[in-house]
Amino acid sequence: MIRTVLRLVPDSERATVPRYLAAVVVHALAQSVAYVLLVPLLEALFRGDLASAWGWTAGVAAAAVVVAVAGYQQAVTGIRIGVGMVHSLQTRIGDHIATLPLGWFDSTTAGRVSRLVSTSVKDAMGVFAHLLTPMVAGVLVPAGVAVGLLFIDPHVSLAMVVSAPLLYLVNRWGRRLYGRAEDRVHTASEESNARVIEFAQAQPVLRAFDAATTGNRGLQEALESQRREGRRLVWASVPGLVVFSSLVQATFVGLVYLVISQTSGGSLSAPAAIALIAVSSRFIDPLNQAAELATAARGAANAAERIRALLETPPLDEPTAPVRPQDSSVRFEAVSFAYADGATVVDDVTFEVPAGTTTALVGPSGSGKTTLLRLASRFYDVDAGRIEVGGHPVDAYPSTTLMEQFALVFQDVYLFHQSIAENVRIGRADATEGEVLSAAAVARVDEIVERLPDGWDTNVGEGGTSLSGGERQRVSIARALLKDAPIVLLDEATSALDPQNEAAVVRGVHELTRDKTVIVVAHRLSTIRHADQILFLDQGRIVERGAHDELLAAGGRYADFWGERSRAAGWHLVGSATTADGSGK
Amino acid sequence: MQATERTDPRDVKRRQRAAQAAVLQPVSSRLRLASAMVAVASLCAVAPFILVVEVCRELLTASPDWTKVWTLVFVALGILGLRGLLQSGAVLWSHLIDSEHQDTLRRGLAEKLSRVPLGWFTERSSGDVKKLLRNDVDALHYLVAHARLDVVAALTAPLATFGYLLVVDWRLSLVLLVPVALYGVVLSRIMGPGHTDRMTTYEAWQTRVSETTIEFVDGIQVVRAFGQPRKGHRRYQDAVDGYGSFFRAWVTPITRLEGIGGQLLNPVVVLVLVLLAALGLVEAGAMDPVSVVPFVLLGLGVGSIVLALGYGAQALRQASTASMRLWELSQTPELVEPEGGPRPRVGVVRFESVSFGYRAGRPVLHDVDLELRPGTITALVGPSGSGKSTLARLLLRFYDVTEGRITVDGHDVRDLRATDLYRSVGFVLQDVQLVAGSVRENLLLARPGASEADLERVCRAAQIHERIVDLPRGYDSEVGQDARLSGGEAQRLSIARALLADTPVLVLDEATAFADPESEAAIQDALAALVADRTVLVIAHRLHTIVDVDQVVVLDDGHVVEHGPPAALRSAGGLFSRLWAANERALADIGDDAPTTPGPTNPEGHA
């Protein structure tokens with residue numbers, strides 16, 4: 001734990017660390033000195049030799065002064081290091097995340113990073129602020145007492161030396177037993193929580209079919225199994241919790257036993273015996289304290305480890321000799337790619353998009369269309385083959401140069417918790433007011449703005465939640481228009497749009513793609529029909545390619561697909577009163 | 001980032017305490033027993049030390065009675081054993097209570113969730129529900145299994161010890177209180193005036209950091225794609241800087257006080273105080289030297305009680321906000337369920353002067369009158385936000401009307417039992433809802449006794465039978481495990497289920513048809529099979545899909561502005577004609593039905 005946490009200390013506080021560690025060690029050792037001095041002190045007291053008792057007390061007091069001064073030092077420097085660490089770690093995490101490949105991000109990243117930045121950083125800080133000192137004391141004070149007593153009573157000292165590692169092992173065993181039990185209870189409760197959440201989400205259906213409580217087998221089973229697991233694990237975990245604290249006290253009684261048997265044998269004076277008994281209690285106290293902190297220490301170690309792992313995630317490598325694009329063509333050459341979970345989504349794909357032409361990607365869901373767009377813009381690096389943009393491999397460009405080539409309109413549109421105007425302006429920070437307005441007008445964002453209470457200054461909410469899906473996509477088209485990049489990567493919306501919304505989107509897209517190189521994941525028939533090249537994908541492979549008419553004439557997969565889609569476009573519901581023949585499908 | 005308006009903290013605390021008591025009520029008597037066991041166990045932890053002190057007294061006599069000495073040692077050991085048993089028993093007992101309590105709590109929550117209005121779920125994200133179930137139920141684990149016992153243990157042992165020490169020598173005992181009192185003074189300086197405000201500001205900064213982190217990470221694609229990597233980052237960095245400087249400004253001045261306070265409670269410092277006082281007393285002949293032994297054995301840990309209490313208070317705070325949320329849920333009003341009642345079979349639906357608002361004073365629907373006849377399709381049309389979905393959901397009783405009433409075959413929906421209502425009114429909405437279980441179980445929800453032939457018939461009608469047969473275990477494949485269905489396939493399965501339920505009334509969202517562009521045509525065929533011969537209410541988004549329905553109801557801002565057959569409305573010159581014209585223009589723009597219109601891409605010959 002200590003080494004991992006030390007590596008997280010910012011450079012500005014690094015000079016303080018040795019001083020801090022020294023204070024921690026001196027603080028602990030001075031305590032053991034004070035306890036060892038207690039033996040001759042009490043012995044003198046019980047013998048009635050008050051003069052030497054006062055003398056020894058002066059010694060204990062001197063040790064106490066050292067304890068207090070070192071303790072004060074470690075507290076002040078520890079807090080300073082910890083506070084410095086919070087800010088520096090949060091900054092470093094932010095800076096590092098900004099350099100990571102986009103493929104590193106998924107839907108759970110935000111939650112994970114957010115926990116890291118708040119909770120984990122604070123846990124790591126706690127090591128310096130209040131955890132390390134008692135932990136070190138828990139080891140050094142008993143060790144110091146044991147060593148010190150070597151010169152006073154070797155038997156007791158030896159007993160202490162033997163019992164300490166034993167106690168340590170028992171404690172570790174108990175914690176591990178309990179930790180494991182808690183983990184398993186946790187897993188079981190995760191499962192039943194998931195069932196309850198699913199249960200909540202399926203309420204309309206469950207109620208509609210009167211199965212809200214009785215019919216849900218999954219929920220009942222999960223709850224029952226958790227109950228069973230919970231009970232079983234409670235029984236398994238309790239010994240670990242109790243054995244250690246009992247053993248610590250038993251050790252004390254054992255030491256007392258040892259001292260008394262020496263006294264009754266005559267080899268130890270009564271005053272010395274009592275002094276030793278008193279000091280023995282000081283031997284176990286820090287042990288107990290350190291044991292209580294073990295869970296917190298494990299938490300801090302895990303936190304530090306998570307932070308370290310993030311900071312050591314390799315960033316996207318930037319080329320040493322950056323190139324400039326020659327044109328706006330895109331070329332995939334025998335590209336294969338699998339996501340981290342192992343499923344191959346792109347399998348040996350080769351195609352070329354000459355500058356200024358449109359290529360439509362068509363195929364069933366899950367065939368890898370969207371992934372091809374992500375690969376072209378280097379959200380991920382390919383597993384095999386290569387992708388060229390403007391005549392050079394994508395990894396030959398610095399990431400900013402590469403991104404300058406693309407205007408992206410994807411389905412998952414993210415808007416910032418800011419005004420609409422600012423969200424459009426993200427397209428090009430130095431755009432003039434007029435440019436922003438005209439891009440917004442083309443994408444019909446101005447029509448949205450008219451309806452909103454604060455017009456252009458309306459805040460769109462976190463992630464853009466106060467706009468509808470169609471409206472969000474219009475904002476993202478406006479951004480892309482403002483950016484005016486040579487290559488457009490477009491994922492057509494599949495979500496429900498009313499015709500007006502859809503017409504606005506189509507008009508925006510029309511403007512966006514004028515004279516551009518376009519790769520589009522196409523759902524609209526008009527988009528597909530007018531593409532220069534259609535790639536029909538299935539299970540990550542290109543199964544058919546060509547222009548619309550050629551493919552239709554070939555009568556293969558694409559022709560079937562086209563037939564189905566055309567049929568779907570003419571669909572309408574037919575009531576009983578009006579029986580229009582030939583309609584309905 | 002100022003601490004702005006606050007509710008009275010005492011009031012909040014009172015409510016939290018009430019909530020906690022309510023949530024713990026079912027286990028509180030058993031927890032009291034566990035607490036008592038822990039209290040006795042703590043006393044048993046102190047007792048051996050007292051016996052050891054007696055041993056010491058005996059040793060100092062001129063001729064120690066060795067039998068007595070050994071007896072004391074063994075009794076001490078015995079008490080330790082007893083303590084171990086009691087401690088184990090209490091921990092075991094409290095964990096068993098906790099396990100029971102969590103089970104009760106989850107079952108209670110599930111029960112409760114099945115009785116709140118369905119609208120409760122639409123108002124909350126699944127994240128909120130998760131938080132309630134995961135974090136809050138877990139936080140209560142600490143409250144039930146640990147917190148009270150920890151506090152009891154942390155209080156009993158030191159109090160018993162102090163009582164004993166007072167008996168041994170009250171003067172030395174008072175000396176022990178000196179560092180504690182000084183620590184109190186330092187602590188009050190640390191807290192200082194305005195501590196609550198600072199805590200509030202601190203929490204506000206924490207929230208800000210976590211919000212900007214989420215925005216930074218979620219928005220990273222946008223930020224990178226537009227080549228402004230510092231954009232989301234800057235807001236994050238600003239939050240982090242602000243948090244950092246607030247934290248530093250807060251902590252730096254109190255660091256010294258913290259340092260001093262910590263030393264006051266150090267056992268060695270306490271020891272010196274005790275020794276000085278004890279030697280003084282012994283020198284003055286006012287104290288027996290051996291009386292110092294209990295103080296060295298037991299008295300030096302006075303500091304740990306202060307620290308233990310602080311730690312417990314933190315965890316208790318978390319648990320009490322958690323129980324607050326759970327308690328609030330238990331207070332959510334439930335739908336009132338009538339005892340018995342009719343089951344409508346014909347399917348005549350009437351909206352009579354229906355008004356509704358999600359919040360008081362913000363009506364969404366005004367005075368809507370509407371009749372849906374069996375065997376007809378009625379389409380709800382209107383601009384987004386006009387109240388179409390809300391109107392449809394009222395019929396499904398996701399919410400109850402604010403004014404007026406909705407009847408099915410003349411019975412107010414509020415007088416129907418949920419079972420009877422949903423046996424008469426079925427629905428297929430945009431979000432597909434399959435539950436954990438096999439494909440068969442999902443279908444059988446609709447009609448538990450349905451035969452194999454029935455299942456196949458509805459699945460064929462819904463264009464999903466072939467797909468199910470292709471699954472590894474056919475109808476017995478588990479949804480989400482070996483039955484991995486696309487959005488469109490799941491949608492067709494839910495249509496099959498609605499067919500099987502065979503309700504006279506059906507609420508349908510037209511957007512269902514394009515949930516999955518790849519299987520749109522198949523879904524549409526399934527829907528066409530579903531609507532035949534029922535009372536159908538359809539939420540329409542695309543007007544060309546409803547040209548041949550029986551009746552169109554046009555909503556604008558919650559008012560019914562037109563209704564009638566679509567053909568008549570098209571030429572009536574009202575909102576529907578305008579919508580229709582806009583729809584036509586839009587379709588022409590989109591170009592799907594107008595091959596002559598140029599599409600969004602360039603004509604050929606450009607490359």
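Helices, as the term is used here, are DSSP runs of H or I that hold at least four residues, and they are numbered from the N terminus. In this predicted model, one such element of chain A is helix 10, and just after helix 10 of chain A the residue R378(A) takes a positive phi of about 55°. Helix 10 of chain A spans residues 369-376, and because seven of its eight residues are buried, this helix is largely enclosed by the rest of the structure. The buried residues of helix 10 of chain A are K369(A) and T371(A), followed by the run L372(A), L373(A), R374(A), L375(A) and A376(A).

A packed pair of helices is found elsewhere in chain A. Two packed helices are described by the angle between their axes and by the distance between those axes. For helix 3 (residues 16-47) and helix 5 (residues 109-149) of chain A, the axes come within 8 Å and cross at roughly 35°, and the crossing in which helix 3 of chain A passes helix 5 of chain A is right-handed. On the side of helix 3 of chain A, the residues that take part include V24(A), V25(A), H27(A), A28(A) and L29(A), whereas those on the side of helix 5 of chain A include L132(A), T133(A), V136(A), A137(A) and L140(A). When the residues of this contact between helix 3 and helix 5 of chain A are divided by character, 14 are nonpolar and six are polar, while no charged residue is present.

Chain A also contains a strand hairpin, formed by strand 9 and strand 10 of chain A with two residues between them. Strand 9 (residues 533-538) and strand 10 (residues 541-546) of chain A pair in the antiparallel sense over five bridges, and F536(A) stands opposite E544(A), the latter lying in strand 10 of chain A. In the turn of this hairpin, Q539(A) has a positive phi of about 50°.

Chain B comprises 607 residues, of which 46% count as buried, and its secondary structure consists of 21 helices and 10 strands. Among the contacts in chain B with a separation of 6 or more, 77% are accounted for by residues 24 or more positions apart.

The contact between the two chains takes 145 residues from chain A and 146 residues from chain B. On the side of chain B that touches chain A, helix 3 (residues 66-113) of chain B gives the most, with 22 residues. The residues on that side of chain B divide into 76 nonpolar, 43 polar and 27 charged.

Conventions. Residues are numbered from 1 along each chain as its sequence is written. Chains are lettered from A and ligands numbered from 1 in the order in which they are written. This is a predicted model: local features need pLDDT of at least 70, side-chain atom pairs count only at pLDDT 80 or more; totals for chains, interfaces and linings use all residues. A residue is buried if 20 or more other C-beta atoms lie within 10 Å of its own, exposed if 12 or fewer, and partly exposed in between; C-beta atoms are placed from the backbone. Two residues are in contact if their C-beta atoms, placed from the backbone, lie within 7 Å. Ala, Val, Leu, Ile, Met, Phe, Trp, Tyr, Cys and Pro count as nonpolar, Asp, Glu, Lys and Arg as charged, and the others, Gly among them, as polar. Two strands pair if DSSP finds at least two bridges between them. Axes are lines fitted to C-alpha atoms, for helices over the stretch in contact, and angles run from 0 to 180 degrees between N-to-C directions. A crossing is left-handed if the near helix is turned anticlockwise from the far one by less than a right angle, and right-handed if clockwise.
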